[in-house]
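This report describes the packing of one helix pair, the pairing of a group of strands and the overall dimensions of the chain.

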Amino acid sequence: MKPTVASFPAARLRRARQSPAVRGLVRENTLSVEDLIWPIFVRSGDGVEEPVSSMPGVMRRSVDKTVEAAREAADLGIPAICLFPYTGLDERTADCAGAWNPENHTNRAIRAIKSAVPEIAIMTDVALDTYNINGHDGFVVNGEIVNDQTVEALVKMAVAQAEAGADIIGPSDMMDGRIGAIRSALEHGGHHNVMILSYAAKYASAFYGPFRDAVGASAALIGDKKTYQMDPANSNEALRLIERDLTEGADMVMVKPGLPYLDICQRVKETFGAPTFAYQVSGEYAMIRAAQHNGWIDGDRVMLESLMAFKRAGCDGILTYFAPDVARMLNR
Ligand code: PBG
């Protein structure tokens, strides 16, 4: 649709910007607490809240503290949280068996949150990197990240999360065929209502650096993830991946990272009209926090502006470490 504009002075576009009241009337997009998913890092122990140094303000929490965080999120009106386990090198193995252990950090946290904070939706992460001795999202055989064998493990991981009570399964691994395989296992296991939010267009990005510290993967990771995550130069490929995952049964799709990939968000939403999410990843968070702490930017305003940009691009929601801070601002 081409905008129609009269000629000056009939058209003075500044008229629509003259006061807060008028600006409010013509505002095209809104950011609400309901758009937010808060990623939380879960670790072992009891009563533990350990700061992540490369992500100021972000903690690794033991299960009891994770429950408290979920309570806080629900009270702020945040509809969903996303759980990521922190695992030390001693908790990682070559067979990645921790990933589908019903007693792993994620699954214990899911059960505890479900009983204490039943109203919040719980999203999980499906990928082997947090349990893998070498930090990769899949099994490594003779230097290759093998696809089909990894998908079998991801299915077990997803089913264990669904059995623990997860509402939204988030495969972030970028293997081929995993959405269809997970969907069919969930259906056969009676988990008809468990949703899948596919990290469908996930790029091999340097913006994940602080996250890999947060989950303990930095020390473990050998090599890079370029044989499974996308080339930052590509755009059409993102549409093919999204279409493929929707066809396999993804309920929602994600573009990741966020702000540097808004063009992808917009194309995805316009092309498919499916529920579309973006992940404002750890590196994006760290950059804004660092500039804020140096007094170089107004952190609160930049936070809100960056999240509004996702809404303008067409996203239905955003995974962001800023979620509780932003919720407090929006609730004021
Ligand atoms: C791994 C995973 C990553 C993130 C979410 N899930 C990192 C990676 O792919 O190496 C990154 C999130 C962030 O940077 O905030 N399966």
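In this predicted model, helices H9 and H10 are roughly antiparallel to each other, because their packing angle of about 155° lies over the 145 degrees that such a description requires. H9 comprises residues 282–293 and H10 residues 299–313, and their axes are 9 Å apart. The crossing in which H9 passes H10 is right-handed. From H9, the residues Glu284, Ile288, Arg289 and Gln292 make the contact, and H10 contributes Gly299, Asp300, Val302, Met303, Ser306 and Phe310. By character, these contact residues comprise four nonpolar, three polar and three charged.

Strand S3, residues 59–62, pairs with strand S1 and is also joined to strand S2. The two pairings are set out below.

| Strand pair | Sense | Bridges | A bridge pair |
|---|---|---|---|
| S1 (residues 36–43) and S3 | parallel | three | Val42 and Arg61 |
| S2 (residues 49–51) and S3 | antiparallel | three | Glu49 and Arg61 |

Arg61 of S3 is thus named in both rows: Val42 has Arg61 as its bridge partner, and Glu49 likewise has Arg61 as its bridge partner in S3.

The chain as a whole contains 11 helices and 12 strands. Its radius of gyration is 20 Å, close to the 20 Å that the globule rule gives for 332 residues, so the chain is as compact as a globular protein of that length. Taken along the principal axes, the box filled by the C-alpha atoms has dimensions of roughly 70 × 45 × 40 Å.

How values were computed. Residues are numbered from 1 along each chain as its sequence is written. This is a predicted model: local features need pLDDT of at least 70, side-chain atom pairs count only at pLDDT 80 or more; totals for chains, interfaces and linings use all residues. Side-chain values use heavy atoms; hydrogens and water are left out. Axes are lines fitted to C-alpha atoms, for helices over the stretch in contact, and angles run from 0 to 180 degrees between N-to-C directions. Helices (H or I, at least four residues) and strands (E, at least two) are DSSP runs, numbered from the N terminus. Angles under 35 degrees count as roughly parallel, over 145 as roughly antiparallel, 65 to 115 as roughly perpendicular and the rest as oblique. A crossing is left-handed if the near helix is turned anticlockwise from the far one by less than a right angle, and right-handed if clockwise. Contact means heavy atoms within 4.5 Å. Ala, Val, Leu, Ile, Met, Phe, Trp, Tyr, Cys and Pro count as nonpolar, Asp, Glu, Lys and Arg as charged, and the others, Gly among them, as polar. Two strands pair if DSSP finds at least two bridges between them. The radius of gyration is taken over C-alpha atoms; the globule rule is 2.2 Å times the number of residues to the power 0.38.
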